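Student: I have a structure open and would like to learn how to read its strands, a helix and a ligand site. Could we go through them one by one?

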Amino acid sequence: MYGLMQEHALALPLVFRRVEQYFGHKRVVTGRVDGESAVTWADVCARTRRLAAALDRLGVPSGARVGTFGWNSQRHVELYLAVPCTGRVLHTINHRLFHEQIRYIVDDAADDVLFVDRSLLPTVWPLAESFRSPRHVVVMDDGADVPLPDDPRIVGYETLLAEVSLFDGEFSIADENTAAALCYTSGTTGNPKGVLYSHRSMVLHALLLLMTDTFGISERDVVMPVVPMFHVNAWGFPYAAMLCGADLVLPGPAMRPAELITQMERHRVTFTGAVPTVWRGLEPLLADHDLSSLRMIVCGGGAVDDALSRSYQQAIGIPLTNAWGMTETSPVVTVPRLATVHDDLDPDAQRAVIGSPGLAVPLTELRVIGEDGTEVAWDGSTPGELQAAGPTIAARYVGEERPGPAFTDDGWLRTGDVATIDGHGYVRIVDRTKDLVKSGGEWIPSVELEGAIMADPRVAEAAVIGVEHPRWGERPVAYVVPKPGTGLTADDVREHLTSHVARWWIPEQVIFISEIPKTATGKFAKRQLRLQHRQDIPPEE
Ligand code: ADP
C-alpha cells in the first residue's frame, strides 16, 4: 500500500522560490579585487532569472555541464541557482589544480560553456586552446586588472545579462534524481573522479545543515563560507543560507588572512567554515579584531589541533567545531555537538568533543569494518575502515557503469579513513588507508607525485609520504633513490617537478636513500617510511 502524500520533487527550484519569496530583503556581500559589493537576495534572484535566459540564449542544452572557475562571489551564487534550476549541471572546478588535471576534468565533464572570474583568466585562458568542448568562455569581472583576450569565444557576464530579458516562468525539475552539480576529487591513482550530485541530495544536504544539532543555521545568521565554492559546493553553506534566508558574506578573491578577518568583523559574521590552514592563518590576528558576533567556526576537511582551538577559545570565546566529510558525501556527514552526556565534562574535555568529528547527521549511516571484514564494536578504541551510506552519499563515480572499488558489494562508500566510534556514536579519525597527502585542505596523490619524480631519468625510485606540518596540516616528503653517478641534488628534483606538477605539490623535503623499503608483495612500505621519518626528523615547529 502506498501513502497518499503529494509527490513533490525535492529539487533546487524549491530553494530558489523560498529565498525569492521570503528573503528578498536580506543581503549578499562580495569581496572584490577593488573593494566589495553588497546587494539583496532579491537582486540575486532577479539576476538569476536573467542568467537562466542567458543560458538559453547561449544555446546550452538541458543536462549540459556548465563549468565554473570562480571565487566565492555573488555571480557564483547566481550560477549555483540558474544552472541546476534550468536542468543544466553546475560543474565547479578547482583552479589550483595542475594544468593536466584541469584539462582532463574539463574534457571528462565535456563542459559546454565555462564561466571564469577575470582574476583567474591568466590561469584558465592558456589552457583554453586545448579544451575540447567549451563553446564560450564567459568572463565575470571581479575588478582584476587582467586584459581580455581578443577571441570570439569570450563573452562578458554583464553584457550577457544585459542582452536578455528576465526568464519569468517558474523553474521546475520534475524528477528529483536529475543531476544538479558535479565536483571532481582526487583518486589515489589515475585521474580525478567525478561525483555527480542530484537535486534530491542537494536539498536534503541543505536541510541537514539547518538542523539545531548540525550547524543550526538560521535566518538570524550571517554566513561566510571561506571554504571555496569550487570545493564540494562550499560544503553546502550557500544553499543552506538561501533556504533559511541568512545573509551571505562571500570573500571573493580577498582571501588573505587580514582581508578575511576584516570582512568577518565588518559584517558581524556569525557562522563560518574553512579548512584548518585558514584558521591557523587567522590566529595571530585575533587579538586585534572584534569577532564577538561569531557563534560557530567550522574547521573541517582535516583534524582540529587542540592548541589552535584553545587559542580561539581564549581570544574570542569559542573553540573550533570540527566536522568530517568528503566530496563523495556532499560533504557533511559528522558534526560534534555537546550532548547531555557531556554535561559533566570539564571545559578542556568539552573542547575536545567539539574538536573531534562528532556523530553522523540524520539520514546517514556509518559503520567501521575491521581487517577481518566484519563490523567492529562501537567501543571508542577498535579501529577499522569507516564506511557510509545514505541519500547524500555517492553511489558511484561518473563514467563507472557499476560501482568500483570505492564501494562495497552492499552499496556503502569506503571512505579510505580509519576510524573508531564510541558508544554514543562519536567518530574519531585515526589514520588513512588512501595514499594521499592533504596539504592546506587540498589533495596531493602520492602515487602521481612519485610518477612525476621518477619521470626524471636520473631517478631510480621514489616514494612519497605525508608528514604533519604546523601550517599546512600535512606536506609531502619525497624519498628518492638516485641513479649512480648522476650527482642528483634535492634542488634538481624540485626543478624537474616545476614542469610536471602544481607548485604547491613540490616537496620541501627531498631525502636521498639507497633503497626504498618494500612490503612482502613488493609495494613501497609507506608505514615503515613514515616511522623512519618520525625517528629521523621530529615534526617541524
Ligand atoms: P573535504 O576536504 O571537504 O572534507 P575531500 O573529499 O577533499 O573533502 O576530503 C575528504 C577527506 O578529508 C576525508 O576522507 C578525510 O581523509 C579528510 N578529512 C575530512 N574531514 C576530516 C576530519 N574532521 N578529521 C580528519 N580528516 C578529515
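Tutor: Let us begin with pairing: two strands count as paired if DSSP finds at least two bridges between them. Keep in mind throughout that this is a predicted model.

Student: How many bridges join strand 1 to strand 11, then?

Tutor: Strand 1 (residues 27–32) and strand 11 are joined by three bridges, and the two strands run parallel. Within this pairing, Val29 has Val249 of strand 11 as its bridge partner. Strand 10 (residues 222–225) also runs parallel to strand 11, to which two bridges join it, and here Val223 is partnered with Leu248.

Student: Which residues of strand 11 lie on one side and which on the other?

Tutor: The general idea is that side chains in a regular strand alternate between the two faces of the sheet. In strand 11 (residues 247–250), Asp247 and Val249 are on one side while Leu248 and Leu250 are on the other, and since all four are buried, meaning under 20% relative accessible area, both faces are covered.

Student: Turning to helix 2, what span should its residues have, and how far apart are its end C-alpha atoms?

Tutor: The expected span of a helix is 1.5 Å times one less than its number of residues. Helix 2 (residues 41–57) has 17 residues and should therefore span 24 Å, and its end C-alpha atoms are indeed 24 Å apart, so the two values agree. Its buried residues include Trp41, Val44, Cys45 and Leu51, but also Arg47 and Arg49. After the helix comes Gly59, whose phi is positive, near 75 degrees.

Student: Which atoms of the protein lie at polar-contact distance from the ligand, and how much of the ligand does the protein bury?

Tutor: For such contacts one looks for pairs of N or O atoms within 3.5 Å. A polar side-chain atom of His231 lies 2.9 Å from a ligand oxygen atom, whereas backbone N or O atoms of Ala323 and Gly302 lie 2.9 Å and 3.4 Å, respectively, from a nitrogen atom of the ligand. Taken alone, the ligand exposes 550 Å², of which the protein buries 95%.

Student: Which elements give two or more residues to the shell around the ligand?

Tutor: They are strand 14 (320–325) and strand 20 (427–432), and strand 14 gives the most, with four residues. In total 18 residues surround the ligand, with Ala323, Thr327, Asp417, Lys434 and Lys438 the closest. By character, the shell divides into eight nonpolar, six polar and four charged residues.

How values were computed: Residues numbered from 1 in each chain as written. Predicted model: local features only at pLDDT ≥ 70, side-chain atom pairs only at ≥ 80, totals over all residues. Heavy atoms only, no water. Buried < 20%, exposed > 50% of the residue type's maximum accessible area, 1.4 Å probe, protein only. Near = heavy atom within 4 Å. Polar contact = N/O pair within 3.5 Å; in protein donor to acceptor, adjacent residues only side chain to side chain. Areas by Shrake-Rupley, 256 points an atom, 1.4 Å probe, with all protein chains shown as cover. Nonpolar A, V, L, I, M, F, W, Y, C, P; charged D, E, K, R; others polar.
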